[in-house]
Amino acid sequence: MVRTSPQFAAALAAGPVILDGGLSNQLEAAGHDLGDALWSARLLAEEPEAVIEAHRAYYAAGAQVAITASYQATFEGFARRGIDAAGAAELLGRSVALAREAADRARADGAGGPLYVAASAGPYGAMLADGSEYRGRYGLTVAELERFHRPRLEVLAAAGPDVLALETVPDADEARALVRAVRGLDTPAWLSYSVAGAATRAGQPLEEAFAVVAEAPEIVAVGVNCCAPGDVDRAVEVAARVTGKPVVVYPNSGESWDAGARAWSGTPEFGAGSVAGWAAAGARLIGGCCRVGPEQIRALAAQLRG
């Protein structure tokens with residue numbers, strides 16, 4: 001039996017639940033340099049107060065869920081910085097504690113309603129920090145990927161989040177590994193693919209990709225994130241039809257990431273006007289990803305609550 005927070009389960013059933021936007025977006029807006037292989041995870045050790053304030057900004061904007069700064073936090077990545085396994089585990093747990101502290105401060109500031117914490121776990125490619133999270137196909141077996149993900153997920157689950165966010169998954173094979181890796185953790189999870197058009201980043205049709213998680217009781221919502229806003233409509237329809245589960249959607253602004261130049265380019269397309277259609281099609285967890293800041297989440301929240 002998967003332990004789901006009664007409040008979170010009720011919120012999912014009632015929907016929609018408003019997610020935050022890009023944590024890195026808010027950290028960079030506050031003047032923090034994230035040009036680093038650890039990305040926002042570096043601040044877990046060096047500037048934890050900055051992480052709290054970034055989460056707090058999204059709660060203040062109307063988000064009900066904060067996604068932790070652990071997307072790029074892995075034992076392997078921390079080891080390259082000389083941080084041993086015990087230290088890495090402490091930092092992973094800290095990511096959840098910092099989001100909880102932000103929720104406490106937001107409540108003190110007057111935020112109403114329940115506030116939740118989703119513990120982020122990015123794909124294997126995020127640890128490589130070379131853009132391969134947008135390609136998948138790492139040359140690893142499902143069993144090898146499961147062995148990579150399981151220790152981090154155990155630590156994150158033990159820290160007591162409301163839900164695990166298995167994010168930006170580019171490949172149905174990695175989704176299979178993640179489904180296996182969360183078994184027995186007694187913590188619910190959502191799984192969201194990064195997609196391009198009607199396929200995963202690795203090229204599998206969405207129907208095939210969503211079928212991977214359809215029968216997994218640990219996965220309480222499924223959908224897409226870190227994709228173009230224009231790719232969301234099709235994905236919501238397929239995810240709802242194939243899995244029968246609540247759908248999670250949080251696309252990027254519409255700009256594109258150049259991994260070589262480590263810079264964004266293009267024109268933002270994210271708009272609050274689309275979210276009513278996503279909710280009508282079955283989306284229950286709705287927010288933004290890269291380059292979507294508190295102001296966009298505030299407009300999204302107003303649209304959904306209007």
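**Entry 1: helix 11**

What should the twelve residues of helix 11 span at 1.5 Å a residue, and how far apart are its end C-alpha atoms? I began here, keeping in mind that this is a predicted model. Helix 11 covers residues 232-243, and at 1.5 Å a residue it should span 16 Å. I looked up its end C-alpha atoms and found them 16 Å apart, which agrees.

Next I asked which residues of helix 11 are buried. They are Val232, Ala235, Val236, Val238, Ala239 and Thr243. I recalled that an α-helix has 3.6 residues a turn, so residues three or four places apart point the same way.

What covers these buried residues? I noted helix 10 (206-211) and helix 12 (275-280) among the covering elements. The cover also includes strand 8 (219-225), strand 9 (247-250) and strand 12 (283-286). Just after helix 11 comes Gly244, with a positive phi near 70°.

**Entry 2: helix 4 and its two partners**

I described each pair in the usual way, by the angle between the axes and the distance between them.

I took helix 13 (residues 294-305) as the first partner of helix 4 (residues 48-61). Their axes are 8 Å apart and the packing angle is about 25°. An angle under 35 degrees counts as roughly parallel, so helix 4 is roughly parallel to helix 13. The crossing of helix 4 with helix 13 is right-handed.

Which residues meet there? From helix 4 I listed Ala57, Tyr58, Ala60 and Ala61; from helix 13, Pro294, Ile297, Arg298 and Ala301. Sorted by type, this contact has seven nonpolar residues, no polar ones and one charged.

Then I turned to helix 6 (residues 85-108), whose axis comes within 8 Å of that of helix 4 and crosses at roughly 50°. That angle makes helix 4 oblique to helix 6. Helix 4 and helix 6 also cross in a right-handed way. On the helix 4 side, the contact is made by Pro48, Glu49, Val51, Ile52, Glu53, His55, Arg56 and Tyr59. On the helix 6 side I found Leu98, Ala99, Glu101, Ala102, Ala103, Arg105 and Ala106. The count for helix 4 with helix 6 is nine nonpolar, one polar and five charged.

I paused at Glu49, which lies in helix 4. Is Glu49 buried, partly exposed or exposed? Its relative accessibility is 40%, so Glu49 counts as partly exposed. I also checked Glu49 against Ser24, 25 residues away along the chain, and their C-alpha atoms are separated by 14 Å.

**Entry 3: helix 9 and its surroundings**

How many of the ten residues of helix 9 (residues 172-181) are buried? Seven are, so I wrote helix 9 down as mostly covered, with buried meaning under 20% relative accessible area. The buried ones are Ala172, Glu174, Ala175, Ala177, Leu178, Val179 and Ala181. They pack against helix 7 (124-128), helix 8 (142-158), helix 10, strand 4 (163-169), strand 5 (189-193) and strand 8.

I followed up helix 8 in detail. Its axis is 8 Å from that of helix 9, at an angle of about 45°. Helix 8 is therefore oblique to helix 9, and it passes helix 9 in a right-handed crossing. Helix 8 brings Val142, Ala143, Leu145, Glu146, His149, Arg150 and Leu153 to the contact. Helix 9 meets them with Asp173, Glu174, Arg176, Ala177, Leu178, Arg180 and Ala181. I counted seven nonpolar residues, one polar and six charged in the contact of helix 8 with helix 9.

**Entry 4: backbone oddities**

Most residues other than glycine have a negative phi, and most peptide bonds are trans. I went looking for exceptions.

Which residues does a cis peptide bond join? They are Gly15 and Pro16, with omega about -10°. Pro16 sits in the loop between helix 1 (6-14) and strand 1 (17-18).

Thr168, not a glycine, has a positive phi near 55°. Thr168 belongs to strand 4, and its 1% relative accessibility is why it counts as buried.

Cys226 also has a positive phi, near 50°, without being a glycine. I found Cys226 in the loop between strand 8 and helix 11. With 2% relative accessibility, Cys226 counts as buried.

Conventions
Residues are numbered from 1 along each chain as its sequence is written. This is a predicted model: local features need pLDDT of at least 70, side-chain atom pairs count only at pLDDT 80 or more; totals for chains, interfaces and linings use all residues. Side-chain values use heavy atoms; hydrogens and water are left out. Helices (H or I, at least four residues) and strands (E, at least two) are DSSP runs, numbered from the N terminus. The expected span of a helix is 1.5 Å times one less than its number of residues. Buried means under 20% relative accessible area, exposed over 50%, partly exposed in between (1.4 Å probe, protein chains only). Contact means heavy atoms within 4.5 Å. Axes are lines fitted to C-alpha atoms, for helices over the stretch in contact, and angles run from 0 to 180 degrees between N-to-C directions. Angles under 35 degrees count as roughly parallel, over 145 as roughly antiparallel, 65 to 115 as roughly perpendicular and the rest as oblique. A crossing is left-handed if the near helix is turned anticlockwise from the far one by less than a right angle, and right-handed if clockwise. Ala, Val, Leu, Ile, Met, Phe, Trp, Tyr, Cys and Pro count as nonpolar, Asp, Glu, Lys and Arg as charged, and the others, Gly among them, as polar.
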